[in-house]
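Colleague: Could you walk me through one part of this model up close? I'd like to see how the pieces of that part fit together.

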Amino acid sequence: MRRIIQRLIAAIVLSIGIVAAAVGTSYGQDKVVRIGYQKYGKLVLLKSKGTLEPKLAADGYKVVWIEFPSGPPLLEAFNVGAIDFGNTGEAPPIFAQAAGAPIQYIAYEPPAPKGEAILVPKDSALKSVTDLKGKKVALNKGSNVHYLLVKALEKAGVRYSEIEPVFLAPADARAAFERSAVDAWVIWDPFQAAAEAATGARTLADGTGIVANYQFYFSSKKFLEANPKIVDAVLAELSAVDDWAKGDIHAVAEQLAPSIGLSVPVVEVALKRQAYGIKPITDAVIADQQQVADAFFALGLIPKAIKISDVARKPGT
């Protein structure tokens, strides 16, 4: 019951944040960039660095930061017009586009296949992905790891319908994993690194040879059309932070660790599995993302077929 109440409170706080952000623009505060971010990643580093605010202030823009617990609610904020810019992994934008969210892919980070994995307890009898048949597997629905699970099962010759997915947010999934309420947990860094360090969890499979595990950056279609130079300014500052991060991972871990409640060594492990370099969207990346969308449609996880190219920023624009 306490966990249900906590989730309810979190949902209310998230809703209040989204409404507040939306209301802020309705009272004439047109020159605002509302950025959705999560506790981990390049955007939270950019926020903590404080370099974006003076850059955009020169153009008369204020930056508003809105935190989200994961990618799916962040993309929903695009759908209700509450944010202008944000980033998630591969899967959330598929669900968002299928739901009609006005998103535009504008940039990506290179593949980081080791940054997500299917974990089992250290003393589990499960030795391979094939052993997941008939088992309970915890995951965050609509997140990057949803696609990892789909493709890992496919590679192992196990149908998605032959496992029992248990859709839980990371904190609840960790609790279920530790009390053996589920047999496996599909999760991303830094939660992955934290579970490995705290519980000795073993990896059945990570994304290597299975999925790319891209990170994508998005703008709302309306904001991009009206403010392409501001979007480019945000990307430029992100690239500068990215350059700093890949050059001093220990310093980045020290900066991130307190805000996400993990030890510096754990965060360092996660950062070393991350990819660096923020790049414009390419046809090849669009094609990779289309494969994700097609796989989800084939499984009935999204209600209609979608074309990623319809919501990708065109090169040179």
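**A closer look at the sheet**

Modeller: Sure, and keep in mind this is a predicted model. Let's start with one pair of strands: strand 6 (residues 136-139) runs parallel to strand 7, and four bridges link them. One of the residue pairs there is A138 with V166, the latter being its bridge partner in strand 7.

Now zoom out to what packs on the sheet. Helix 6, residues 144-156, lies against it and touches strand 5 (116-120), strand 6, strand 7, strand 8 (184-188) and strand 9. The direction of helix 6 makes about 70° with that of strand 5. Helix 7 (residues 170-178) packs on the sheet too, with contacts to strand 5, strand 6 and strand 8. Its direction makes about 145° with that of strand 8.

As for the sheet itself, it's an open one with five strands in the order 7-6-8-5-9, and the pairing is mixed. The edges are taken by strand 7 (164-167) and strand 9 (202-206); each has a single partner strand, so one side of each has no neighbour in the sheet. From one strand to the next, the twist averages 30°.

One more spot, if you like side chains: R313, in the segment after helix 13 (283-298). R313 counts as buried because its relative accessibility is 12%, under the 20% cut-off. Its side chain makes a polar contact of 2.9 Å with the side chain of D232. Setting aside neighbours within four places in sequence, R313 also has contacts with residues including Q104, Y105, I106, L224 and P228.

Key
Residues are numbered from 1 along each chain as its sequence is written. This is a predicted model: local features need pLDDT of at least 70, side-chain atom pairs count only at pLDDT 80 or more; totals for chains, interfaces and linings use all residues. Side-chain values use heavy atoms; hydrogens and water are left out. Two strands pair if DSSP finds at least two bridges between them. Helices (H or I, at least four residues) and strands (E, at least two) are DSSP runs, numbered from the N terminus. Axes are lines fitted to C-alpha atoms, for helices over the stretch in contact, and angles run from 0 to 180 degrees between N-to-C directions. Contact means heavy atoms within 4.5 Å. Buried means under 20% relative accessible area, exposed over 50%, partly exposed in between (1.4 Å probe, protein chains only). A polar contact is a pair of N or O atoms within 3.5 Å; within protein, one must be able to donate a hydrogen and the other to accept it, and residues adjacent in sequence count only if both atoms are side-chain atoms.
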